[in-house]
Each structure stands twice: as structure tokens, then as C-alpha cells.
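I opened this structure for the first time today and kept notes as I went. The entries below follow the order in which I looked things up.

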Amino acid sequence: MAKSAYKRILLKVSGEVLAGDQSFGIEPKFLHAMADQIAEVAKSGIQVAIVIGAGNIFRGMAVAAKGGDRVTSDLMGMLGTVINSLALGDAIEQKGLKVKVYSNVPMETVADTFTARDANLALSDGYVVVCAGGTGSPFFTTDTAAALKAIELRCDVLLKGTKVDGVYSEDPKKNPEAKRFETISHEEVIAKDLRVMDTAAFALARDNGLPIIVYALDDKEGLKGVLAGRAKSTRVG
């Protein structure tokens, strides 16, 4: 692949991408397609950390909105991210790479407990690092966890893979005339309430000078194309 400007990246993946054509669970075809993209980038020498959501398994906010306890719901969502992280970590390992799965929810028999010190050393040693368990606290999304981990792990950029090819002025599925931004500041995204990620994630990125690239997960150029600047995307910051 073409030389990337980034040496260390954090990739935020939605849990839904692992479900593929299903509404629930993990579809091996899509799991390995994602792992292939990550492995190709990692083998080129770029250090890769990953945070994955759990929307294919459990949506805590949806349950809380219907009367469920928010803290309990968020804890269940964190456990869902552990399942996805173990699956993706195993799939990447099958591509011939070293992988370490860390969890912000301590569970020693399942994954290493996350510390920035250990995870930074693992990245420097050539491991792909998968961070599970969100922030480890309720009321924070995996988007916020991704921004936090990117900062803790000294990543050059946070990549957010979504269903659309960037940040738009409004939902392009509802309004085909919506404008796609090539670049936009953190402040503008927050002020315009452009919800491709939650506000807390953008604010954290803004306050720490972390750029975010938003791209479509189904872009034919894949992750390597995004890093090489060939795929459509929006750079925030």
C-alpha cells in the first residue's frame, strides 16, 4: 500500500459491521473481511489499536429508553464489546498477526486488564491491540471510549468507520441534497450537532488535538485506501 502519513492509528468499528446481513450476532464472512483490512494495514508497518461497539449484540441505551436501568444496561453493553473484541482479535490472529485483547472491565481469565502503559508497549512490540469494555463506566459510549483510547495510546488519528462516506450537513439518506464536508473543525461538528459520533467524543478529541477521519466501511478502497487518501472521507480537526 502507499505510504501512510500515520504511524499509529485507532480504528473505531461499529458492532453492526460484524453482523453483516443478519440483524444479530457475528457473521464469519464479515468478521474476516474486517480482519483482512486490518491485517493488511498492520502488515505494512502501521501500529493498529481497535475499539469495537456491541450494537450487533446489545444496545444498552435502547433498553434504558424503555425503562431498563441505565447502569445495568450499559454494563451489559460493555460485555457485548468483549465478545466482539475476542472474535475480531481471533480473526486477526488467524491472518498471522500478534494480537492482545484488553478489557476495561476486569476479567483476568478472558482478557488482560487495560492499562495505557501495557497497551502502548504492546503496540510498540508489533501487536494489534483490541480494547474492549468501553470506558469501563456507564453513561459513556464506545465512541467516547475510542477517543479516550486514541489519546491514551498516543495515536496519530482516530478512524471512524460508518455507513456513510463522511460527515454530512444532515442525514444523506433523508436528504439527498445534504452536503458532505471534506474537512470540518471539531467546533463546527459540535455546534452543528452533526451526530456521526457523540458530542463527548468530539469534545475530547478537540481538547487533545486528535484528528478524526470518518469514512464508509463498505468503500472498495478499504482501510488502506482511507489511510492513503484514495477513499472518500471527512477529516475532523
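Before placing any residue, I noted that helices (H or I, at least four residues) and strands (E, at least two) are DSSP runs, numbered from the N terminus. The model is predicted, and local features need pLDDT of at least 70, side-chain atom pairs count only at pLDDT 80 or more, while totals for chains, interfaces and linings use all residues. Residues are numbered from 1 along each chain as its sequence is written, and side-chain values use heavy atoms, with hydrogens and water left out.

**Entry 1: lysine 43 and glycine 96**

I began with lysine 43, which I found in helix α2, residues 28–43. For burial I used these cut-offs: buried means under 20% relative accessible area, exposed over 50%, and partly exposed in between, with a 1.4 Å probe and protein chains only. Lysine 43 counts as exposed because its relative accessible area is 54%. Taking contact to mean heavy atoms within 4.5 Å, I saw that lysine 43 touches Lys95 and Leu97, leaving aside residues up to four places away in sequence.

I then looked up glycine 96, which sits in the loop between α4 (70–93) and β3 (99–103). Glycine 96 is exposed too, since its relative accessible area is 63%. From C-alpha to C-alpha, glycine 96 and lysine 43 are 9.2 Å apart in space, although 53 residues separate them in sequence. For another pair I took lysine 43 and alanine 216, which are 173 residues apart in sequence and 22 Å apart in space, again C-alpha to C-alpha.

**Entry 2: helix α6**

How many of the 11 residues of α6 are buried? I noted 8, so the helix is mostly covered. The buried ones are Thr142, Asp143, Thr144, Ala145, Ala146, Ala147, Lys149 and Ala150. Their cover includes the strands β1 (8–13), β2 (47–52), β5 and β6, together with the helices α4 and α8.

Threonine 142 belongs to this helix, and it counts as buried because its relative accessibility is 19%. Apart from residues up to four places away in sequence, threonine 142 touches Lys12, Val51, Ile52, Gly53 and Thr81.

At the N-terminal end of α6 I found a cap by threonine 141, with a side-chain oxygen 3.2 Å from the backbone nitrogen of aspartate 143. I read this as a polar contact, that is, a pair of N or O atoms within 3.5 Å; within protein, one must be able to donate a hydrogen and the other to accept it, and residues adjacent in sequence count only if both atoms are side-chain atoms.

**Entry 3: two positive phi values**

Most residues other than glycine have a negative phi. I therefore wrote down phenylalanine 139, a residue other than glycine whose phi is positive, near 75°. Phenylalanine 139 lies in the loop between β5 (128–132) and α6. Its backbone nitrogen is 2.6 Å from a polar atom of the side chain of aspartate 74. That aspartate is part of helix α4, and it counts as buried because its relative accessibility is 9%.

Arginine 154 follows α6 and has a positive phi, near 55°. Arginine 154 lies in the loop between α6 and β6 (157–162), and it counts as exposed because its relative accessibility is 62%.

**Entry 4: helix α8**

I turned next to α8, residues 199–207, where Ala201, Phe202, Ala203 and Ala205 are buried. What covers them includes α6 (142–152), α7 (186–191), β10 (212–216) and β11 (233–236). Aspartate 198 caps the N-terminal end of α8, with a side-chain oxygen 3.2 Å from the backbone nitrogen of alanine 200. After α8 comes glycine 209, with a positive phi near 65°.

**Entry 5: the whole chain**

I closed with the totals, starting from the 9 helices and 11 strands of the protein chain. Of its 237 residues, 50% count as buried. Among contacts with a separation of 6 or more, 72% come from residues 24 or more positions apart. Along the principal axes, the C-alpha atoms fill a box of roughly 50 × 50 × 35 Å.
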